[in-house]
Amino acid sequence: MNILVTGGAGFIGSHLIEKLLKLNHDVICLDNFNDFYDPKIKRNNIENSLQSNSSFILLEGDIRDKGFLESIFSDNNFDIVVHLAAMAGVRPSIINPELYYDVNLTGTLYLLEKCKERGIKKFIFASSSSVYGNNKKIPFAESDFVDNPISPYAASKKSGELICHCYHHLYQMSIVCLRYFTVYGPRQRPDLAIHKFARLMLAGKPIPLYGEMSSRRDYTYIADIIDGTLKAIDYVTENNCFDIFNLGGSKAISLSEMINCLENTLGIKALIEHLPAQEGDVWQTYASIVKSQNILGYKPNTEFSEGIRLFIEWLKKQVEEKILDFIP
């Protein structure tokens, strides 16, 4: 297949593209290398293993640029679009909600329009566990009511799901929305807690802890996320559908457990700076993966401690090679 992956130089995107190339697909990676975090990190994600592959093409540009999108879609005949590009992060979305809506909703709309115009009927949309807000029902299921987001980021992802459904209904596009749950592992974004905490601990600096140590997250290792995404690509290719799937680890781990695991893996005691809870942060995420298991055959199998070990192994190598500094 000829596959367009937006946001393909990022954490999830670069891992997905590596796997797609190994499966002998042709892949075009679209990324604008914005400065949300150091762009050289994303360039390093794709530099060695991807850019030497003749089945890989990198195109730099913005999904909000209609002219740029027109040139991509007119020059290529895609079988499927995997749309991962987005402004990420709950807290920054509260500071700049206009940017988040512009990228996450307008950009998604422009891609769907191009798919409609070119007759591309297969589309994967990367959504987020944040759409569940402070859902009191545990674990979170795809059928749960999700009309109470508590951050602009979460609202933008829910809006993205809705516009995807609209294009399925109007134009018979086959679309799957994947609600990712706290993905971690090698190449994780440096602003996310596991990555940020580990680097601060290595540097002997205190880690900022917002709110209570009892808050919980359903951490999902990157290899399991990629496996689930590949299964979703197969599913949307073979079916005329609109569907939503949780991709999580199906286990909620407290903040204190996460820090203890980092301490044990690094052999370093964390210095903690206690800070007030921040607006937009949910107290808990916990995925029901029954639907994903039954329909996609999704089965996460990476234990949290093993995933942390693999992440720390990668992080230390990045620091040794001076690709990353100790201090995030």
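These are my notes on three strands and three helices in this structure, which is a predicted model.

**Strand β2 and its neighbours**

I began with strand β2, residues 26–31. Is β2 mostly covered or mostly uncovered? I found it mostly covered, with five of its six residues buried.

Next I looked up which strands pair with β2. One of them is strand β1, residues 2–6, which pairs with β2 in the parallel sense over five bridges. I noted one residue pair here: Val5 has Cys29 of β2 as its bridge partner.

Strand β3, residues 56–60, also runs parallel to β2, and five bridges join the two. For this pairing I noted Ile28, whose bridge partner in β3 is Ile57.

I then followed the chain between β1 and β2. Helix α1, residues 11–22, forms a β-α-β unit with these two strands. I recorded the unit as right-handed.

**Helices α9 and α11**

I turned to helix α9, residues 255–266, and helix α11, residues 304–320. At what angle do their axes cross? The crossing is at roughly 55°, and the axes come within 10 Å of each other. Angles from 65 to 115 degrees count as roughly perpendicular and those under 35 degrees as roughly parallel, so I entered α9 and α11 as oblique to each other. The crossing of α9 past α11 is right-handed.

Last, I listed the residues in contact. On the α9 side they are Met258, Cys261, Leu262, Thr265 and Leu266. They meet Phe304, Ser305, Ile308, Arg309, Ile312 and Lys316 in α11.

Definitions and conventions:
Residues numbered from 1 in each chain as written. Predicted model: local features only at pLDDT ≥ 70, side-chain atom pairs only at ≥ 80, totals over all residues. Heavy atoms only, no water. Buried < 20%, exposed > 50% of the residue type's maximum accessible area, 1.4 Å probe, protein only. Helix = DSSP H or I, 4+ residues; strand = E, 2+ residues; numbered from the N terminus. Pairing = 2+ DSSP bridges. Right-handed = clockwise from strand over helix to strand, strands pointing away. Axes fitted to C-alpha atoms, helices over the stretch in contact; angles between N-to-C directions. Parallel < 35°, antiparallel > 145°, perpendicular 65-115°, else oblique. Left-handed = near helix turned anticlockwise from the far one by under 90°. Contact = heavy atoms within 4.5 Å.
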